[in-house]
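User: I would like the aromatic contacts in this protein explained. Please set each value against its cut-off.
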Amino acid sequence: MALMLLLAIYFLLPIYFLIVAATKPQGDLASTNGLAFSHFNLFSNLHTLFTRSNGIFLKWALNSVIYAVLGAAVGTLISGLCGYALAKFRFRGREFLFSVVLGGVLVPTTALALPLFLLFSATGIVDTYWAVFLPSIVSPFGVYLARIFASAAVPDEILESARLDGAGEFRTFFSVASRLMAPSLVTIFLFQFVAIWNNFFLPMVMLQKESLFPVTLGLYEWNGQTARAPLLQESVITGALVSIVPVIVVFILLQRFWRTGLAAGSLK
């Protein structure tokens with residue numbers, strides 16, 4: 001418990017610093033203790049953040065929501081379908097295909113940025129929403145997790161019963177298997193959401209229009225201008241605090257879906 005307490009303090013300390021710094025006026029950032037509150041200026045800082053550059057931060061936040069929510073939802077669906085198929089269907093080359101998926105887990109996403117840029121340049125979708133959205137829906141780890149969970153949590157007898165009742169394969173998946181796989185699908189969605197929300201390198205490579213930036217890239221651009229415009233520093237800190245709120249909210253909303261033994265008692 002002592003070790004867990006130390007780890008909790010270690011991970012929560014940066015968040016505490018953000019909360020403290022976001023409440024200070026610009027002049028107090030360097031003149032006061034970084035971990036101590038001073039003059040409470042949070043609402044003024046938020047107003048400055050949301051009105052700076054004609055409200056561009058709201059546009060960045062909306063872009064991040066589009067990239068993360070849609071990308072995580074589509075990526076979870078694809079991962080769930082692929083993992084279910086690899087777990088419950090027998091076909092030639094299944095294990096080889098699964099090995100390729102496992103190989104994809106080992107490839108760093110940053111290593112794929114340049115090949116993706118060249119590919120998207122050839123197709124003319126660089127500097128568009130598609131350049132960030134399409135790579136976000138592919139998750140080899142999600143496929144791996146879905147296959148492992150489907151193998152353990154979806155009994156073959158239940159699938160056979162659904163087929164005997166006349167259900168097609170897609171209806172069997174969406175009506176039966178997906179409900180039993182709910183904890184893994186929620187986990188995949190959360191991992192995808194966090195990864196896309198925090199994604200920085202891919203948007204930096206793919207995007208040039210400021211109106212298409214996610215919040216991570218937008219704050220990075222602002223942070224690079226603080227040497228010329230020191231007042232941007234407070235907006236960067238306040239924006240960083242605001243940017244972690246959706247991740248916390250999504251985690252709180254989805255944690256109730258983590259349940260085990262959903263199929264217990266379904267078989268005689």
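Analyst: Here are the ring pairs, their burial and the nonpolar core. This is a predicted model: local features need pLDDT of at least 70, side-chain atom pairs count only at pLDDT 80 or more, and totals for chains, interfaces and linings use all residues. Residues are numbered from 1 along each chain as its sequence is written, and side-chain values use heavy atoms, with hydrogens and water left out.

User: Why is the pair of Y10 and F11 called edge-to-face?

Analyst: Rings of Phe, Tyr and Trp (its six-membered ring) pair if their centres lie within 6.5 Å; planes under 30 degrees apart count as stacked, over 60 as edge-to-face and the rest as tilted. The centres of Y10 and F11 are 5.3 Å apart and the planes stand at 80°, so the pair is edge-to-face.

User: What makes the pair of Y84 and F173 stacked or tilted?

Analyst: Their planes stand at 55° and their centres lie 5.1 Å apart, so this pair is tilted.

User: Why do Y84 and F173 count as buried or exposed?

Analyst: Buried means under 20% relative accessible area, exposed over 50%, partly exposed in between (1.4 Å probe, protein chains only). Y84 has 4% relative accessibility, so Y84 is buried. F173 has 3%, so F173 is buried too.

User: What makes the charged end of R147 sit over the ring of F98?

Analyst: The rule asks for NZ of Lys or CZ of Arg within 6 Å of the ring centre and within 35 degrees of the ring normal. The charged end of R147 lies 4.2 Å from the centre of the F98 ring.

User: Which residues does F193 touch, not counting residues up to four places away in sequence?

Analyst: F193 touches A68, V69, A72, P246, V247 and V250. Contact means heavy atoms within 4.5 Å.
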